[in-house]
Amino acid sequence: MTDIFDFGPDEQNKRDDQPTRRGRKKRLSRPVKTLIVVASVLVGILVIVGVAGGLYAMNLARTFDDRTTTLPEAFPEESTRPTASATGAMNILLMGSDSRGDETNLDDASSSDQRTDTMMLMHIDADRKNVYVMSIMRDLWVPIPGRGDNKINAAFAYGGSPLTVQTIEQLTGARIDHVAIIDFEGFAGMTTAIGGVDVVSDKAFTARGTQIQVGTNHLEGEDALNFVRERYSFTDGDYTRVENQQRFLQAVADKLISRDTLTNPGAITNFVGSVSDYLTVDDTLDSGAIASLGVSLRDVKNENIKFFTIPTAGTGMIGGQSVVLQAEGQMPGLRDALANDTLGDYLPTLQG
């Protein structure tokens, strides 16, 4: 794949040690009705809920804890961060990374060639009735602490998860409670595990041999990965790609919440196993935390998961780079909505 950066980060400094793998097995304290909301992203990707109980739930927990990678230092210095939400809402930063990058620097403040192709901020209401997933354009021009202005995805190359979190917290004014990073390669196995997903496309295009038609497309394996990655086929580049990523994640959510999946233990087990191998999370986002969150979200339905994109003012050229510009006039409203847990009131004004 063509290099996604138009800038040159500092010389890469690799750590000798690999990120910590969970070495302990955690049992859920009581039989749980499952709901595993496996967050991630692209890609961010997963806001999903599954339902089971007893030994089955504990087996899922062990799979998740044993096979995910943890980031002991996922966040920036506390003195640089916003205060915790007073409302009880939760914010999870979802990132999609490229496995060609340096996997040893995800939580390191030194530079690397690790790429994050996708960023989404998932906001979960305090009453746990709605989930909002906001895409952040990778070429959005923003201030990066200590690095000056640049495309927002430069933060990951310059300082891994800590600098990316700091940059987004500075941009939105919202404290990020958890971080989940999924390697794009995990999308292939993830969709195959649940028998593929049906995604509606407004445009016909070809992506690395995958033929996408106007209307419904059944995607799994490499076809799903090609769909969420493609941007060169579109005149508006990342705008259509972000829309496709949102549609894909909504399709995954629809499939996982469907009765056919929730009543199929094998499908859920395969899904959790497929995703866990490609998932990196902060060290507080273990199976216990996810199960607790899942139970609190047990009444969330498909229509309660809402996708939108951070306000932008189109594209422009800065220093020879094509960038996405912030819609400065709409950012104060976004910050207030995140702080006051009123995104439901904010979105109609954004769309209008």
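## Cores, a helix face and a hairpin

Modeller: Leaving aside neighbours within four places in sequence, F227 is in contact (heavy atoms within 4.5 Å) with V199, S201, F205, I212, L219, N244 and F248. This is a predicted model, where local features need pLDDT of at least 70, side-chain atom pairs count only at pLDDT 80 or more, and totals for chains, interfaces and linings use all residues. Residues are numbered from 1 along each chain as its sequence is written, and side-chain values use heavy atoms, with hydrogens and water left out.

Biologist: Which helix gives the largest share of the largest nonpolar core?

Modeller: A nonpolar core is a set of buried Ala, Val, Leu, Ile, Met, Phe, Trp, Tyr and Cys residues joined through side-chain atoms within 4.5 Å; buried means under 20% relative accessible area (1.4 Å probe, protein chains only). The largest one has 47 residues, and I124, F227, F248 and F271 have the most contacts inside it. Its largest share, six residues, comes from helix 5 (residues 238–257; helices are DSSP runs of H or I, at least four residues, numbered from the N terminus).

Biologist: Within what arc do the buried residues of helix 9 fall?

Modeller: Helix 9 (residues 331–340) buries M331, L334, A337 and L338. Take the directions from the helix axis to the C-beta atoms. Seen down that axis, the buried residues line one face of helix 9, because they fall within an arc of 125°.

Biologist: And which residue is the bridge partner of T315 in strand 15?

Modeller: Strand 14 (residues 312–318) and strand 15 (residues 321–326) pair in the antiparallel sense over five bridges; strands are DSSP E runs of at least two residues, and pairing takes at least two DSSP bridges. In strand 15, T315 is partnered by V324.

How values were computed
Buried < 20%, exposed > 50% of the residue type's maximum accessible area, 1.4 Å probe, protein only.
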